[in-house]
Amino acid sequence: MQPITLALAKGRPAKSTIALLEKTDVQFNDFHEDSRKLVFYNSDRSIKLLFVKAIDVPTYVEKGAADIGIVGKDNILESKADVYELLDLKIGKCKFAVAGKKNYTPEKGQLLTIATKYPAIAQKHFDKKGEAIEIVKLNGSVELAPLIGLADLIVDIVETGNTLKENGLTVLENIEPISTRLIVNKASFATKSTEVQQFISQLKSALEG
Ligand code: PRP
């Protein structure tokens, strides 16, 4: 068996993913989400785990620095990485949505300004609708933008909806559901097919169990 490298996104779903891996008897005994360590091995060292920033996981996998990645669909879509997406882990379920002030109605022919952490996703959504937009790229607290007139609307992740609600905003349009997915490097899928398939089927059984 060849060793495989797994890139796992830091952040909200990391703990659930590790718990799921443990159900498949893949344990990383020294893993702790608050640890500053970035590389971990399971007991027989057949799996190397790289703990990386979520938006970088698709790049690690596309470039072959990792064979497998576990990361949110949001980052897969935004990165546009050329990888295989093979499994939905159904962790971290949320959605992409267009949101704004309640009853917001743009003027006819108005060029909408959209604030977002996800410019590629926002652009694709409005391109599909044939609407021209101007994007304001932000890195967080996106909900502020419509409140202070920095943007007309936002494209962002909605999980519980609390952030929107507490800022007097509402979902105006759903874009697509998001959850944690397993992605695979295209070359690894061919050259490490046994290991990759085994890893995926173990995860599938853990999900079903
Ligand atoms: C995300 C997202 C929303 C919020 C949605 O932000 O960008 O702001 O969570 O969650 P909710 O629907 O459960 O309220 P994050 O917590 O990553 O912080 P950020 O604004 O600094 O990016």
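Is Leu147 buried or exposed, or something in between? Hold on to that one for a moment, and hello everyone. What you see above is a predicted model, and I would like to walk you through some of its residues.

Back to Leu147. Its relative accessibility is 36%, so Leu147 counts as partly exposed; the cut-offs here are under 20% for buried and over 50% for exposed. You will find Leu147 in helix 5, which covers residues 144-148. Leu147 also has company: together with Leu144, Ile148 and Leu150 it forms a nonpolar patch on the surface. The four of them add up to about 370 Å² of accessible area.

Now let me step back and show you the whole protein. There are eight helices and eleven strands. Taken along the principal axes, the C-alpha atoms fill a box of roughly 60 × 30 × 30 Å. Of the 209 residues, 44% are buried. The accessible surface comes to about 11200 Å², and carbon and sulfur atoms account for 47% of that. And how do the contacts spread along the sequence? If you take contacts with a separation of 6 or more, 66% of them join residues 24 or more positions apart.

Next, let's talk about charges. Side chains of opposite charge can pair when their charged atoms come close. In this protein, the salt bridge count comes to eight. Please find Glu85 on your screens. The side chain of Glu85 meets that of Lys73 in a salt bridge, with N to O at 2.7 Å. Glu85 sits in strand 5 (residues 84-88) and Lys73 in helix 3, so this pair ties together parts that are twelve residues apart in sequence.

Glu85 has another partner, Arg181, and that salt bridge is 2.8 Å from N to O. Here the link reaches further along the chain: Arg181 belongs to strand 11 (residues 180-184) and Glu85 to strand 5, so the parts being tied together are 96 residues apart in sequence.

How buried are these three? Lys73 is buried, with a relative accessible area of 13%. Arg181 counts as buried too, at 11% relative accessibility. Glu85, in contrast, is partly exposed at 33%. Add Asp88 to the picture, and you have a network of salt bridges linking Lys73, Glu85, Asp88 and Arg181.

Which residue pairs with Lys129? That would be Glu131, in a salt bridge whose closest N and O atoms are 3.6 Å apart. Lys129 is partly exposed, with a relative accessible area of 34%, and Glu131 is partly exposed as well, at 31%.

Not every charged residue finds such a partner. Take Asp74, in helix 3 (residues 73-79). Asp74 is buried yet has no salt bridge. How far away is the nearest side chain of opposite charge? It belongs to Lys117, and the distance is 7.3 Å, whereas a salt bridge needs the nitrogen within 4 Å of a carboxyl oxygen. What Asp74 does have is a polar contact, from its side chain to the side chain of Tyr118, at 3.1 Å. Leaving out residues up to four places away in sequence, Asp74 touches Phe96, Tyr118, Ile121, Ile157 and Ile178.

One of those names takes us to helix 4, residues 119-128, where Ile121 is buried along with Ala120, Ala122, His125 and Phe126. What covers them? The cover includes helix 3, strand 6, strand 7, strand 8 (133-137), strand 9 (153-158) and strand 10 (169-178). After helix 4 comes Gly130, whose phi is positive, near 70°.

My last stop is Gln110, in the loop between strand 6 (94-101) and strand 7 (112-116). Gln110 has a relative accessible area of 29%, so it is partly exposed. The side chain of Gln110 reaches the backbone nitrogen of Glu107 at 2.7 Å. Setting aside neighbours within four places in sequence, Gln110 is in contact with Tyr104 and Asp152. For a sense of scale, look from Gln110 across to Ser35: these residues are 75 apart along the chain, and their C-alpha atoms are separated by 48 Å.

That's my tour. If you want a place to begin on your own, try Glu85, with its salt bridges to Lys73 and Arg181. Thanks for listening!

Note on methods
Residues are numbered from 1 along each chain as its sequence is written. This is a predicted model: local features need pLDDT of at least 70, side-chain atom pairs count only at pLDDT 80 or more; totals for chains, interfaces and linings use all residues. Side-chain values use heavy atoms; hydrogens and water are left out. Patches are made of residues with over 30% relative accessible area and no salt bridge: like charges are joined within 9 Å, nonpolar side chains (Val, Leu, Ile, Met, Phe, Trp, Tyr) within 5 Å. Accessible areas come from the Shrake-Rupley method with a 1.4 Å probe; for residues, only the protein chains shown count as cover. Helices (H or I, at least four residues) and strands (E, at least two) are DSSP runs, numbered from the N terminus. Buried means under 20% relative accessible area, exposed over 50%, partly exposed in between (1.4 Å probe, protein chains only). Lys and Arg count as positive and Asp and Glu as negative; His and the chain ends are not counted. A polar contact is a pair of N or O atoms within 3.5 Å; within protein, one must be able to donate a hydrogen and the other to accept it, and residues adjacent in sequence count only if both atoms are side-chain atoms. Contact means heavy atoms within 4.5 Å.
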